[in-house]
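This report concerns selected aromatic contacts and one sheet. Please consult the sequence and coordinates alongside the text.

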Amino acid sequence: MAAVTGPGDPLALGELLPPPPPPASSSRGSRWGDHEEIAQIPFKILQGHKDAVSSCHFCCEDTKILSSSFDRSVKLWDVAKGILVQVFEEEHTAPISECSLTPDNKRVITSSYDKTVKAWDMETGKMLWTIEHEGLVTSCNISYDGKYVVSGLDKENAVCITDAVSATMVMYIQDHHRSTVTRCCFDPDNQRVASVSYDKTIKLWDTVAQSTTITINEGHSNVISDCCFSLDGRYLCTASWDRTLKIWDIKTGDFRHHGPIVLKEGHQGSVSSCLFSKDASLVVSGAYDKNIAVWDIRTGYKKLTLQGHGDWVMDVAVSSNKKWILSSSKDSTLRLWNIEKADHIPAVIENRKRGSQIVQCEDCEKPFSLLQCNDSVVVTKCVFCRLATPTRNIMPLPPTCSPDL
């Protein structure tokens, strides 16, 4: 796979983002990425947090970056200049596990190991309300209509839904899982909440029926660390300590008979985070191996590995136009990667030629790769068409492995 490394010193904060990187003979001071011809992904390092950066997001039409940290602060960054715009701090008394942003970019929601969920005014940086729980709050997410906040707890393995304006509890789902909830999020229709846990299960809670409509037991062979929906709400992607990602056709329920699509051999360590691009053509993942993987979903292969963080990658994001990848790490930094010209990198092109057989999908007639397929099975459809009308046992489940924290 094309591996892009990020050595050397970070650029000075405040420097404008330059055009694609110059030839290798350019001066060290103007360097964006490394100078290997095979690795032509410009990147920028954002430094400002004093501890692990737990989550990151693009916002304000991709002109800003929002990040939260174990240093108990949330920071807003200007993408073009790489400088801090706003700091939200001095309210949480323990590490912030996650931050989430309302669709109108006016409020920030944070969850913390201090057992609280807080709302902040994006413009002033002032805290609007706080909710206290009895256990550590491991995750938070705001609905796509901005009306509700869902949070995951270690106490009673619960999921809590709160009114985002009045800060009143709407629903408390006790013992939703058999172990600590690691991640929870709303679907784009604001009617279901997906949650994953140390118990290896995936659950979908229907907010209208007020009941669990889908339970996937042993969805992975180890702890499930993250989950995310595609923007159309059809697919759910899950990331696990078993080093794989899985894509589940949730809307049609076809996974019940044919299982998920498995993305594997992309990381050497437990996968900690995942996110679809808006058009669901890419999935980006981060892992304990300190790397970020960019997956081409239609062709079913890993097109890029982004390397450079000094510790495990805690969260990832992708811009609306798919030109930028954002990653946050336990090394206290964020990295902004420009993948706009990734398809023209020699290593990516060479990987397509050598590492996989390209065939034409019999349904949509588009090319796809056999890299992720079981050699013992004849596959004639791309990932998207297999998700729509899959063939039983396209891919085997990975073996059980231990978490490698």
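## Burial of Trp 241 and its ring partner

In this predicted model, Trp 241 has a relative accessibility of 8%. Because the limit for a buried residue is under 20%, Trp 241 counts as buried. Tyr 288, at 15% relative accessibility, is likewise classed as buried.

A pair of aromatic rings is described by the distance of the centres and the angle of the planes. By the pairing rule applied here, the count comes to seven aromatic pairs. One of them joins Trp 241 and Tyr 288 in an edge-to-face arrangement, with 6.3 Å centre to centre and 85 degrees between the planes. This pair links distant parts of the chain, 47 residues apart: Trp 241 is in the loop between β20 (235–240) and β21 (245–249), and Tyr 288 is in the loop between β24 (282–287) and β25 (292–296).

## Extension to Trp 312

Tyr 288 also forms an aromatic pair with Trp 312, and this one is tilted: the separation is 4.6 Å centre to centre, with 35 degrees between the planes. Tyr 288 is in the loop between β24 and β25, while Trp 312 is in the loop between β26 (301–306) and β27 (313–318), so the pair ties together parts that are 24 residues apart in sequence.

Trp 312 has 19% relative accessibility and counts as buried. One aromatic cluster is formed by Tyr 198, Trp 241, Tyr 288 and Trp 312.

## Surroundings of Phe 229

Phe 229 belongs to strand β19 (residues 224–229). Its relative accessibility is 7%, and Phe 229 therefore counts as buried. Leaving aside residues up to four places away in sequence, Phe 229 touches Cys 185, Phe 186, Asp 187, Pro 188, Ala 194, Leu 204, Tyr 235, Leu 236 and Phe 276.

A separation along the chain can also be set beside a distance in space: Phe 229 and Ile 247 are 18 residues apart along the chain, and their C-alpha atoms are separated by 9.4 Å.

## A four-stranded open sheet

Four strands form an open sheet in the order β3-β4-β5-β6, with antiparallel pairing. The edges are occupied by β3 (53–59) and β6 (83–88); each has a single partner strand, so one side of each is left without a neighbour in the sheet. On average, neighbouring strands of this sheet are turned by 20 degrees against each other, direction ignored.

Six bridges connect β3 with strand β4 (residues 64–69) in the antiparallel sense. At the residue level, Cys 56 has Ser 67 in β4 as its bridge partner.

Technical notes:
Residues numbered from 1 in each chain as written. Predicted model: local features only at pLDDT ≥ 70, side-chain atom pairs only at ≥ 80, totals over all residues. Heavy atoms only, no water. Helix = DSSP H or I, 4+ residues; strand = E, 2+ residues; numbered from the N terminus. Buried < 20%, exposed > 50% of the residue type's maximum accessible area, 1.4 Å probe, protein only. Contact = heavy atoms within 4.5 Å. Phe/Tyr/Trp six-rings, centres within 6.5 Å; stacked < 30°, edge-to-face > 60°. Pairing = 2+ DSSP bridges. Axes fitted to C-alpha atoms, helices over the stretch in contact; angles between N-to-C directions.
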